[in-house]
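Student: Please pick one part of this model and go through it closely. I would like one connected account, with the cut-offs stated as the terms come up.

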Amino acid sequence: MARRSSPKLARHRGVWDRGIFCAPLFLVIAPALLAQQTYNEPWRPQFHFTPPKNFMNDPNGLVYYQGEYHLFYQYNPQGTEWGHMSWGHAISTDMLHWKNLPVAIPEVPGQYMIYSGSAIVDWHNASGLCAGDRAADPSCLIAIYTAAGTDSQKQHLAFSNNRGRTWTNYEGNPIADLKQPDFRDPKVFWDEARKKWVMVAVLADERKAVFFDSQDLKTWVLRGSFEAAAQEKGQWECPDLFELAVDGNPKNKKWVLVVNRNPGAPAGGTGTRYFVGSFDGTHFVDETPAGRELWADYGKDFYATNSFSDLPPQDGRRIWMGWISNWQYANREPTAAWRGAQSLPRELSLRQFPDGIALVQKPIAETIRLRERELLELSGVSVLMASEAVRMASLRGETLEIEAQLAPGDAKEIGFRLRKGGAEETVLGISSTTREVFVDRTRSGQVAFAPEFSGRHKAVLRQSSLVKLHVFLDRSSLEVFVNDGQVVLTERIYPSPGSDGIELYSDAGKGKVLSLTVWKLGSVWR
Ligand code: FRU
């Protein structure tokens, strides 16, 4: 198998080369310390998950079990840059209010780090590793992750018989080994049609997804693979594979194969790409119309997605989270005590559009609980004059939800200037001339910490005559769902404290605001 050298692999190897692995480990975060966390530092997101301290990247092992949602995540327990990767852990009863728990699966110093992976409920003890009361409930939690050594990446299994509180590595590890240094990020799911477990992982440098199956979660057989087109560049990481109804029609289901690509995303650097097609238990066939590349997010900060396993059947949703950063600058973001944040959980569905089937995303319905109070409601048409910027004096804030319907009319551009203060602003606009939605963070506050950070990131809309925006603004991030989630843009921003104004603007013509509602959102940490 041809191998390419890659900057990413160099990053993965570098830690070993620098010998950081020999450093002492302090893996348990004392509960007392956790309790002291205020989650109120400047830029500390108020309704997005961030670790109490230190570095976090990908969400891992998202699973629902016995009334709790689990969020595991790539975590360095020892510092604010990538290294010593272990699985951090938090639980929640609504995917929004999280309780931090100690590190779930620590690195094995000198041997391997714990890279990304997934978790599932072994409902019927197929693994034989569940030790609970068999009659009452034979189930347990299983995590399957990449054990990343200097020159090898293999898949390992760990199990927990106490609702994820402690984990034991399976003594028969590895459970999958292709003798490759870039074989990683296993996502496991139960394939109901074929009555078997399926694992999708990647050979990152070859941009290849590989499919395994198993009856007992411990013995896995390689069955098939799916490769990128010849022109695809970069690495594939963190794959996912799930079936969704198109337009809610259970008789028309398609499979979505997700691969996170590093680099090569529309906004530069890392981003989430997907294919829509069919999967027969061993092979995926891409049915995306020729010439189309499907991307989940057009902002610069959405990567390494992971979807929840085992949501109750009566729930029926497919929900994922992504890490809101970009490998171009993840180690340099200007927060001090902690680094890295997760996106809001988003519900996924497939829609048929004239140009093909595509994912749409919306924030989970539970986000309504974040609303503290309504600050403004405006309905009916309000006209913005040419080159007018209306400062909404009553409106300011660092944590807001905005729903708006804007019509550019004969204006060249219409939109919002968010986190406005002095020369600082983050512009969210619709350009009617280019039929684009964009976020411009060039003057958003601190941008100089990495040359790749500053910029204007955009997506083309199917139509721009009437545009619906649904915006979640946190202390240092912006998630914009456009036209009911057809397009999403996710961005980190680092404004100065006090830059918290909002302006509506219309450029070179009269734009219309058909409706506008703004809520102040509360903190999930208090
Ligand atoms: C994606 C990734 C994964 C890997 C993990 C290591 O961001 O590179 O491929 O498992 O991060 O932290």
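Tutor: Ala-148 stands opposite Gln-153 in strand 7, strands being DSSP E runs of at least two residues, numbered from the N terminus. Another facing pair is Ala-143 with Ala-158 of strand 7. The model is a predicted one, in which local features need pLDDT of at least 70 and side-chain atom pairs pLDDT 80 or more, while totals for chains, interfaces and linings use all residues. Numbering starts from 1 along each chain as its sequence is written, and side-chain values rest on heavy atoms, without hydrogens or water.

Strand 6 covers residues 140-148 and runs antiparallel to strand 7, residues 153-160, with eight bridges joining them; pairing requires at least two DSSP bridges. Four residues lie between these strands, which form a hairpin. Strand 6 also pairs with strand 5, again in the antiparallel sense and over eight bridges. One of the bridge partners on that side is Tyr-145 of strand 6, set against Gly-117. The open sheet thus described has four strands in the order 5-6-7-8, paired antiparallel. Its edges are strand 5 and strand 8 (168-169), each with a single partner strand, so one side of each has no neighbour in the sheet. Strand 6 is largely enclosed by the rest of the structure, because nine of its nine residues are buried (under 20% relative accessible area, 1.4 Å probe, protein chains only).

Gly-117 leads on to an internal void. The whole structure holds five cavities of 30 Å³ or more, a cavity being a set of 1 Å grid points where a 1.4 Å probe fits but cannot get out. The second largest has a volume of about 70 Å³. Its lining consists of 13 residues, and Gly-117 is among the ones nearest the centre, together with Ser-116, Asp-185, Cys-238 and Asn-306; lining means an atom within 4 Å of a point. At least two lining residues come from each of strand 1 (54-65), strand 5 (113-122), strand 9 (183-191), strand 13 (235-246) and strand 18 (303-307). By class the lining holds five nonpolar, six polar and two charged residues, with Gly counted as polar and Cys as nonpolar.

The largest pocket has a volume of about 1,200 Å³; a pocket is an open set with protein on both sides within 12 Å along at least five of seven lines. Strand 5, strand 9, strand 13, strand 14 (249-262) and strand 21 (346-353) each give two or more residues to its lining. Of its 37 lining residues, Trp-190, Glu-192, Asp-310, Leu-311 and Arg-318 lie nearest the centre. The lining of the largest pocket divides into 20 nonpolar, five polar and 12 charged residues.

Strand 14 is followed by a loop, between it and strand 15 (271-279), that contains Thr-270. Thr-270 is buried, at 2% relative accessible area. Its side chain makes a polar contact of 3.1 Å with the side chain of Asn-326 (N or O atoms within 3.5 Å, one able to donate a hydrogen and the other to accept it; residues adjacent in sequence count only through side-chain atoms). The side chain of Thr-270 also reaches the backbone nitrogen of Trp-327, at 3.1 Å. Beyond four places in sequence, the residues touching Thr-270 include Arg-261, Asn-262, Phe-302 and Tyr-303 (heavy atoms within 4.5 Å).

Notes
Points joined across faces, edges and corners; volume = space filled by probe spheres on them. Buried < 20%, exposed > 50% of the residue type's maximum accessible area, 1.4 Å probe, protein only.
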